[in-house]
Amino acid sequence: MTGATGTVGEPLVRRLLEDGTPVRVATRDPERARDEFGDVPEYVEFDLGRPETWGTALAGSDRLFLLFPPESGVGAVTEFADAAERVGVDRAAFLSILGAEKLPVLPHRRIETHLAGTGIACTFLRASWFAQNLSEIHRREIVDRDEIFVPAGDGVLSFTDARDVAAVAATVLTESGHADRAYDLTGPAALDFREAADVFSDVLDRPIGYADPSRPAFGLAMYRRGFSPGFVAFMIAEYSLVRLGLSGRTTDDVETVLGRPSRTLREFVDDHADAFRAAGDSPSRP
């Protein structure tokens, strides 16, 4: 497991452990991960930028969950994949993004192309925008200012719950029939951020608005909050695609793999309502 403490990795580790699947958590900070998951998984120190840590992470592994960390280069990911193939990893799930196949210069697509040329049986998980971005990156503005602060214009998104992506990843890593396939993982409906704000208002029982700042204003605010320039640029590019209407496609691939519909944005906000409540708000409704 790479990215084990991340948005998809954390629920994926828990899902695999619940199913009795042995998991090796490869992470820069094994002790932090141990605090997260307890003593059940195996932990190894791993840094994609330090090839000397790769051998221990891969030794004896036959399956791999792989992602592209924004701070890493494509070359590091592809070289690690080659190392995985050399030591006998025969199945991998790669966390990509929706529409990657249409953008050959995109880092995720370049990694997909490389993986397809290896001897590893790969499944590409092309996920839409995570609803968890609202509880992780954008939570502060929702709690403190009662607004969703993103520069997405009138564009729509097929909000995807990362827990669904993790469940799909667990399935393709532990069951047969998913090799050399790509799944487009989305939520069940495409909403703009005004509609998303209405969902928050209804669930939280207080008015939540949609700010729609300019891209320069958004970038400056995120940089001042401590996000790296590279990540800020990535977010601006992502929301630019939303503004252009390129992020609203929905599919039933989650249901195809899991046998149940994908979670709605309302379900996500219901499940995480306490995280969005301002001081003085009433507790979650039953």
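## A tour of the sheet, a helix pair and a pocket

Start with the open sheet: select its four strands, which lie in the order β3-β4-β5-β8 and pair in parallel. Keep in mind that this is a predicted model.

Look at the edges next. β3 and β8 (181-185) sit there, and each has a single partner strand, so one side of each lacks a neighbour in the sheet. Now view the twist. On average, neighbouring strands here are turned by 15 degrees against each other, direction ignored.

Zoom in on β5, residues 121-127. This strand runs parallel to β8, and five bridges join the two. Label arginine 126 in the same view. Opposite it stands aspartate 184, in β8.

Add helix α8 to the selection. Which strands does α8 touch? It packs on the sheet and contacts β3, β4 (91-97), β5 and β8. Compare directions: α8 makes about 155 degrees with β4.

Move on to two helices. Select α10 (residues 215-224) and α11 (residues 229-243). Their axes come within 10 Å and cross at roughly 145 degrees. Is the crossing left-handed or right-handed? The crossing of α10 and α11 is right-handed.

Show the side chains at this contact:

- From α10, pick Arg215, Phe218, Gly219, Met222 and Tyr223.
- From α11, pick Pro229, Val232, Met235, Ile236, Tyr239, Ser240 and Arg243.

Colour them by class. The contact of α10 with α11 holds eight nonpolar, two polar and two charged residues.

Last stop: the second largest pocket. It encloses about 410 Å³ of space. Its lining has 21 residues, and those closest to the centre are Pro22, Val23, Arg24, Ser61 and Arg63. Select these five to find the spot.

Which elements supply at least two residues each to this lining? They are β1 (24-27), α3 (54-58), β3 (63-66) and α8 (162-174). β3 gives the largest share, three residues. So the tour returns to familiar ground: β3 is also an edge strand of the sheet, and α8 is the helix packed on the sheet.

Finish by colouring the pocket lining by class. Its residues divide into 12 nonpolar, five polar and four charged.

Methods: Residues numbered from 1 in each chain as written. Predicted model: local features only at pLDDT ≥ 70, side-chain atom pairs only at ≥ 80, totals over all residues. Heavy atoms only, no water. 1 Å grid on protein atoms, 1.4 Å probe; cavity = no way out; pocket = protein on both sides within 12 Å on 5 of 7 lines; lining within 4 Å. Points joined across faces, edges and corners; volume = space filled by probe spheres on them. Nonpolar A, V, L, I, M, F, W, Y, C, P; charged D, E, K, R; others polar. Pairing = 2+ DSSP bridges. Axes fitted to C-alpha atoms, helices over the stretch in contact; angles between N-to-C directions. Contact = heavy atoms within 4.5 Å. Left-handed = near helix turned anticlockwise from the far one by under 90°.
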